[in-house]
Amino acid sequence: MSDTRRRVKVYTLNEDRQWDDRGTGHVSSTYVERLRGICLLVRAESDGSLLLESKISPNTAYQKQQDTLIVWSEAENYDLALSFQEKAGCDEIWEKICQVQGKDPALEITQDPVDESEEERVDELPETSHLVELPPCELARLEEIADLVTSVLSSPIRREKLALALMSEGYIKKLLQLFRTCEDLEDLEGLHHLYEIVRGVLFLNKAALFEVMFSDDCIMDVVGCLEYDPALVQPKRHREFLTKTAKFKEVVPITDSELRQKIHQTYRVQYIQDIILPTPSVFEENFLSTLTSFIFFNKVEIVSMLQENEKLLTEVFAQLTDEATEDSKRRELVNFFKEFCAFSQTLQPQNRDAFFKTLANLGILPALEIVMAMDDLQVRAAATDILSYLVEFSPSMVREFVMQEPQQADDDVLLINVVIKQMICDSDPELGGAVQLMGLLRTLIDPENMLAPTNKTEKTEFLSFFYKYCMHVLTAPLLANTAEDSDSSDIQEGSTKINRVCPDNFQTAQLLALILELLTFCVEHHTYHMKNYIMNTDLLRRVLVLMNSKHTFLALCALRFMRRIIGLKDEYYNRYIIKGNLFEPVINALLDNGTRYNLLNSAIIELFEFIKVEDVKSLIAHIVDNFYKALESIEYVQTFKGLKGRYEQEKDRQTQRFRRYRREARPVEDDEEMWLNEDEDDEDEAAEEKGRSDEDFPESYEKFMEAKKVKESEDKENHPKWTSAGSFKLTLSHSAGAAHGANGANSKAATSASATSPNGSSAKAAALPATPVVKTGLVGLVDYPDDEDEEEEDEEEEQSPRKRPRLGS
């Protein structure tokens, strides 16, 4: 068993004046021949590597703080600290340091550090004077004392000498006695001087002085002195707040008096630093580094003491999860854990790991499920903060817990679903809590932080779980606000089949925007699972309903969702968009926007520009064939003319290739047979669990023309309709059954999934997966693929009823 007395943590002070942990090991004092002196050596307990090798220099100032810390500076701006597990080990090494330097181990500091830049100032002081001579501690001398304290702040060596003088003569306690006298006499001038004195003593930045000033019998008088800032008309009531307003609540009795005292002291010192002391100037920014370190190491001690007190933690958890616990008591318990987790951030990584594992073993995650479902806003907010600490530290730990839940829990009480519901039900008008919860969800579902152990793949298992049990909860508000009209069973041809009245409520719009942001993240990072979900729920069609929202930011979120899908350049997605005619709401939004030059206009044009630049042939053919007449008047950008140019180039290329094939006498029958074989399962593609490869997509002009002939009897398209504003808006009919009936009467067979062509063959309608009754019928596939050719294109173009009538007709 290793010697725990010698067990230490090594810290270095970084540029931000925060202590960085360098590891845990065991310290020894050994003569090192290479350095020609006694050195402090710290070897890592994990692998025995050398963490620290520091020669004990006769001129280095070492400080012992809080009985278990030794702090010193080895070079300019390079501070070191050893934090001992036991006081005995600290005393042992401290004696060795003092022995090397010839100092009394009873001192808290071994040397007066000399700044090289100020060596010449040493001559200003009498050679026999080891300390600054302090005036007598009397009311009449307060102004003189204040001037002395203020004057030494610019000189490091004089600061050190003043600090030693204050400690050696018990001067601090005498000053605080004068403070009580001045208050009794209502001596405002004296109180102002005492403010300057105490503030200056804090800026001496000495841990030994802090131990005296922040002791139980002195700290409230120190706070009292700091109330009398001469710049204030009336003194602040800090003591009143600390003693009456700020109440210390023991969720369970803390029997350890040392722990209770440390908690009180840390709270009050943190209050002094954050509330009482003014923001330090550039000149003063390093004066309080030791105060920051004092608070830091206090927090480390508190967490360590609490973590070791298993009886206390077990009792706290028992009360937290007990149904009989009163709401007010549960609120205090949750706030206790919130502060506990906040303090844990001071721990080194391996200790923080042990800390959170302790909480997990005690049942922190099941407890959070209970408290996050409570009505109390403060409790929910505190529980969210705790979950944030857990997710930030170890998302895998949270995921592992969540995936074990379905075995004993319903979907409604799963932790992730509880988080989603809290996000959806956030009552804050600005949705501050919802934004925080969305960040947690994003971290949990981010594949970048998912592990891949040898025995399993966390990414596959968790994402399968998430899409099975949680995704429908996340999308519920989106689907509810874009729901189909329940009275649309007998609607007329060309009329709207989806409720186009988007929610006008700003808070609802904000929530939908948050959900869309998360779904857009899923499109990019969960390609397989998200693709299946979009196809099975026809999600993109529902999202694009929000293009009609009066809230432009929400319309932009919907557009961004589609843009991310198209950005994947996945032909499976492209077929889905083409069959569903899902460019229509985007183009309608562009036309409705008119000539306004705004973000919506730019974002929509960028979408089409991307399709043009990336030469997405199937989408270009669909856009030009169906919408070019509506877009050709837009000439302030060359995007749409460029799309038409790409379209014409592809037609010419296909024609040339076809002629070459004809010269090679390739049998047309073989091509037709190949087309029929490839198209055999076209209707069921969207419902498959995996996306089909790009090779399944029709790739010849000849195949397209054959498919067009088969579907002639089921498709008929309307002219674009003019709006009251004088512009036109596209309202295409996608109903398969509406194409029947020569007299043009309305047909209620619009939900038919197939039609019969004149030659008796069966043509498949473009029915979406998971939609038994197609209320929002879809146009057939229109495509000009890139690898094959079209036969007799001009003649077929004149005969085909699928070509859009131009606006002038």
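Is lysine 262 buried or exposed, and what is its relative accessible area? Lysine 262 is buried, with a relative accessible area of 11%. Buried means under 20% relative accessible area, exposed over 50%, and partly exposed in between, with a 1.4 Å probe and protein chains only.

This is a predicted model, in which local features need pLDDT of at least 70, side-chain atom pairs count only at pLDDT 80 or more, and totals for chains, interfaces and linings use all residues. Residues are numbered from 1 along each chain as its sequence is written, and side-chain values use heavy atoms, with hydrogens and water left out.

**Overall**

The chain has 32 helices and 11 strands. These are DSSP runs numbered from the N terminus: helices are H or I with at least four residues, strands are E with at least two. Of the 809 residues, 50% count as buried.

**Salt bridges**

The structure holds 29 salt bridges. Each is a side-chain nitrogen of Lys or Arg within 4 Å of a carboxyl oxygen of Asp or Glu. The table gives three of them.

| Pair | Closest N to O | Apart in sequence |
|---|---|---|
| Lysine 262 and glutamate 301 | 3.8 Å | 39 residues |
| Aspartate 615 and arginine 646 | 3.8 Å | 31 residues |
| Arginine 653 and glutamate 650 | 3.1 Å | 3 residues |

Lysine 262 sits in helix H9 and glutamate 301 in helix H10. Aspartate 615 lies in the loop between helix H27 and helix H28, while arginine 646 is in helix H29. Aspartate 615 is partly exposed at 24%, and arginine 646 is partly exposed at 30%. Arginine 653 and glutamate 650 both lie in helix H29, about one turn of the helix apart. Glutamate 650 is buried at 10%, whereas arginine 653 is partly exposed at 31%.

**Helix H13**

Helix H13 covers residues 349-362. Its buried residues are Arg352, Phe355, Phe356 and Leu359. They fall within an arc of 90° seen down the axis, so they line one face of the helix. The arc is that of the directions from the helix axis to the C-beta atoms. Helices packed against by these buried residues include H10, H12 and H16. Just after H13, glycine 363 takes a positive phi of about 105°.

**Nonpolar cores**

A nonpolar core is a set of buried Ala, Val, Leu, Ile, Met, Phe, Trp, Tyr and Cys residues joined through side-chain atoms within 4.5 Å. The largest has 143 residues, and Phe337, Phe561 and Phe583 touch the most other members. Helix H21 gives the most to this core, with 12 residues. A second, separate core of 51 residues includes Val149 and Cys218.

Conventions: Expected span 1.5 Å × (residues − 1). Contact = heavy atoms within 4.5 Å.
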